[in-house]
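Me: I am new to this structure. Please show it to me, and then let us go through it step by step.

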Amino acid sequence: MQFYIMTLFPDMVMDGLNTSIIGRAVNKGLLSIEAVNIRDYAFNKHNSVDDYPYGGGAGMLMQAEPVYQCYKALAEKIENRPRVVYLSPQGKTFNQTMAEEFAKEEELVFLCGHYEGIDERVLEEIVTDYVSIGDYVLTGGELPAMIMVDAVSRLVPGVLHNDVSAEFESFQDNLLEYPQYSRPEIWHDKQVPPVLLSGHHVNIEKWRREQSVIRTAENRPDLLEKAELSEKEKELCEKILANQR
Ligand code: ADE
């Protein structure tokens, strides 16, 4: 999978993504990540890429032309028209289903805005997806792009050591993940739940499922609507929600 990131801060993106699991996947050739500097496509002698917004208002806007030229240079390297994701608080909120959808692409282009945003006209021409990572405003799209690259990359076959671990985790079935424990059996007077030491796999699975349901009801009741729950599990959730009211 090939990621291209259009940004004014290529070092920030590359420094953040060249380490750990993603860095290893790049070294193995499973992923490639290229940050392209929009400033290289500035068309004036001061190398500036921003200007005042028409109609007034606070701050500066990124101009259309450098972004467009940067995109055109990238698009020439890619066979089909790529999906271009513009990171913005105005976009659809990113979630695991979207990550799975994006992971099916061969190439993904991210466009990171700065200042007060980007001239709307170039967005209309090149952007296919508007994505936000949450209801808060950041100084630029770089961190959101890095988050998306991370979430999508770990779904690419071979990136995680253990392919199974991408399957059984939070948001699968719209439930949060159950708590996990490792050695020692007692730490700070806290005992590992005995069922996990029992070797009884059916009971372990039952306990984990119940913990997932409890966690989801306590922390993310909004997910429960889409989760497939048994009658007993529904009752459990009702009890937890009633206690919280
Ligand atoms: N740029 C600034 N804030 C953002 C957010 N919450 N999500 C995506 N891009 C952004």
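Me: How many helices and strands does the protein chain have?
Reply: This is a predicted model. Its secondary structure has elements of both kinds. The protein chain holds nine helices and nine strands.

Me: What radius of gyration does the protein chain have?
Reply: Start with the reference. A compact globule of 245 residues would come out near 18 Å. The C-alpha atoms here fill a box of roughly 70 × 45 × 40 Å along the principal axes. The radius of gyration of the protein chain is 23 Å.

Me: What share of the 245 residues counts as buried?
Reply: Buried means under 20% relative accessible area. The accessible surface of the protein chain is about 15,100 Å², with 49% of that belonging to carbon and sulfur atoms. Of the 245 residues, the share that counts as buried is 41%.

Me: Is M1 buried or exposed?
Reply: M1 sits in the segment before β1 (2-7). Its contacts beyond four places in sequence include L30, F102 and V156. The cut-off for buried is under 20% relative accessible area. M1 has 17%, so M1 is buried.

Me: What separates the C-alpha atoms of M1 and V152?
Reply: Along the chain, these two residues are 151 residues apart. In space, M1 touches V152. Their C-alpha atoms are separated by 9.6 Å.

Me: What relative accessible area does S153 have?
Reply: S153 belongs to helix α6 (residues 142-153). Leaving out residues up to four places away in sequence, S153 touches F3, I22, L31 and V159. S153 is buried. Its relative accessible area is 0%.

Me: What percentage of the contacts with a separation of 6 or more comes from residues 24 or more positions apart?
Reply: M1 and V152 are one such pair: they touch, and they are 151 residues apart along the chain. For the protein chain, the share is 71%.

Me: Which element gives the most to the lining of the largest pocket?
Reply: This pocket has a volume of about 460 Å³. Its lining has 25 residues, and Y86, L87, S88, P89 and Q90 lie nearest the centre. β5 (83-93), α5 (120-126) and β7 (129-132) each supply at least two lining residues. With five residues, the element that gives the most is β5.

Me: How many nonpolar, polar and charged residues are in the lining of the largest pocket?
Reply: The lining is made of 25 residues. Sorted by class, they are 13 nonpolar, 10 polar and two charged.

Note on methods:
Residues numbered from 1 in each chain as written. Predicted model: local features only at pLDDT ≥ 70, side-chain atom pairs only at ≥ 80, totals over all residues. Heavy atoms only, no water. 1 Å grid on protein atoms, 1.4 Å probe; cavity = no way out; pocket = protein on both sides within 12 Å on 5 of 7 lines; lining within 4 Å. Points joined across faces, edges and corners; volume = space filled by probe spheres on them. Helix = DSSP H or I, 4+ residues; strand = E, 2+ residues; numbered from the N terminus. Nonpolar A, V, L, I, M, F, W, Y, C, P; charged D, E, K, R; others polar. Rg over C-alpha atoms; globule rule 2.2 N^0.38 Å. Buried < 20%, exposed > 50% of the residue type's maximum accessible area, 1.4 Å probe, protein only. Contact = heavy atoms within 4.5 Å. Areas by Shrake-Rupley, 256 points an atom, 1.4 Å probe, with all protein chains shown as cover.
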